[in-house]
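Q: Hey, I've just opened this one and don't know my way around yet. Can you walk me through a few spots?
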Amino acid sequence: MSNALLESVKRFTESQLEAEGPYATAIDGVTILRANQEKHPAHRIMKPALCVVVQGAKWSTFGDRRHDYRAGQALVVSVEMPAFSRVEKASPEAPFLGVVIEFDLAIMHDVVQHLDASPKPEDTMGHGVFVTDFDGPLADCVQRMMRLLDTPRAIPAIAPLIMREICYWLLTGAHGNEVAKIALANSHAQRVVTAIHALRDQFAETIRIDELAAVAQMSPSAFHRQFKALTSMTPLQYQKQLRLLEARQLMVTGAANAESAAWKVGYESASQFSREYARMFGAPPRRDIEALKLQ
């Protein structure tokens, strides 16, 4: 890992009023992470992004698959998915530091069209998440993205160019075939992603697998198989996690109590909601929210 990148990220986080992140930046879609100690596992929705570990170590679980990544590595997320993540190596002397750069899928699609030899997605559905070593030109792109924060007026003109470079190096790298799946409109993965967006937008409604399969232009059995391969969870598991994450957010912000949150996200049974909530977050709704507010 470049010492220059480490110093850039460290300097940025130390300039903030609070010691810990995450911190949004002046560049849309770029977030800086800092943690001074190991963290309790946290649930969140992860968007397609390059998640670089600059210092420390972390793991993220998607469905039934866990991915460990450390300094010098990056997690590449190609599909919007619920995740369960934990910072597992951090201290006040050597805090966990990371940079998350969300992909601009329009730029990625355009880069694919301009490649002399476009990567060909394999017929078998790969996983929508992988870990890769982070060095060379890709690391240089992230370092230049960090330097850009020192010249905000240049961001609108320069940031999209750096994003193009990031897409290029990913598409032409060792995992180019995997990355291409999110950029090619006719790939199986992209059709599943279209159905995922439909599921995300209607997560509080009762949705049939055959309806989602029709959106993806697949048979129900093929869609179910491809969805599980890409996300490491079934469509119903994906929907359940979306519902519970949204309910938790409603309760944390005070927008709803447990009963009304359950109803808003699509549950008809408060007891079922409480059981599934405790299974996912480790405690019933009221106790979990009280603990979160004390953190």
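Q: Is Ser-60 buried or exposed?
A: Ser-60 is buried, with a relative accessible area of 0%. Keep in mind that this is a predicted model.

Q: OK, and where does Ser-60 sit?
A: You'll find Ser-60 in strand S5, which covers residues 57-62.

Q: What does the side chain of Ser-60 make a polar contact with?
A: That would be the side chain of Tyr-69, at 2.8 Å. Setting aside neighbours within four places in sequence, Ser-60 also has contacts that include Met-46, Arg-65, Leu-75 and Phe-84.

Q: Leu-75, huh. Which residues is Leu-75 in contact with, leaving aside the ones within four places in sequence?
A: Ser-60 shows up there, along with Tyr-69 and Met-46. Others on the list include Cys-51, Phe-62, Val-129 and Phe-130.

Q: And which residues touch the most other members of the largest nonpolar core?
A: Leu-75 is one of them, together with Phe-62, Phe-223, Tyr-238 and Phe-273. That core has 52 residues. Helix H9 (residues 235-252) gives the largest share, 7 residues. Another core lies apart from it, with 42 residues, among them Tyr-23 and Ala-139.

Q: Switching topic: what's the strand order in the open sheet of 6 strands?
A: The order goes S1-S2-S9-S4-S7-S10, and the pairing is antiparallel. At the edges are strand S1 (23-24) and strand S10 (129-133), each pairing on one side only.

Q: How many bridges join S2 to S9?
A: There are 6 bridges between strand S2 (residues 30-35) and strand S9 (residues 96-102), and the two run antiparallel. For instance, Arg-34 has Leu-97 in S9 as its bridge partner.

Q: Which helix lies across S2, S4 and S9?
A: Helix H3, residues 136-148. Its direction is at about 90° to S9.

Q: Last topic, cysteines. How many disulfides does the structure hold?
A: The count is 0. Cys-51 is in no disulfide, and the nearest cysteine sulfur, in Cys-167, is 14 Å away.

Q: Why no bond for Cys-141?
A: Because the closest cysteine sulfur, in Cys-167, is 9.6 Å from the sulfur of Cys-141, and that's too far for a bond. The cut-off for a disulfide is sulfur atoms within 2.5 Å.

Q: Are those two, Cys-51 and Cys-141, buried or exposed?
A: Cys-51 counts as buried because its relative accessibility is 6%, and Cys-141 counts as buried at 0%. The cut-off for buried is under 20% relative accessible area.

Note on methods
Residues are numbered from 1 along each chain as its sequence is written. This is a predicted model: local features need pLDDT of at least 70, side-chain atom pairs count only at pLDDT 80 or more; totals for chains, interfaces and linings use all residues. Side-chain values use heavy atoms; hydrogens and water are left out. Helices (H or I, at least four residues) and strands (E, at least two) are DSSP runs, numbered from the N terminus. Buried means under 20% relative accessible area, exposed over 50%, partly exposed in between (1.4 Å probe, protein chains only). A polar contact is a pair of N or O atoms within 3.5 Å; within protein, one must be able to donate a hydrogen and the other to accept it, and residues adjacent in sequence count only if both atoms are side-chain atoms. Contact means heavy atoms within 4.5 Å. Two strands pair if DSSP finds at least two bridges between them. Axes are lines fitted to C-alpha atoms, for helices over the stretch in contact, and angles run from 0 to 180 degrees between N-to-C directions. A nonpolar core is a set of buried Ala, Val, Leu, Ile, Met, Phe, Trp, Tyr and Cys residues joined through side-chain atoms within 4.5 Å.
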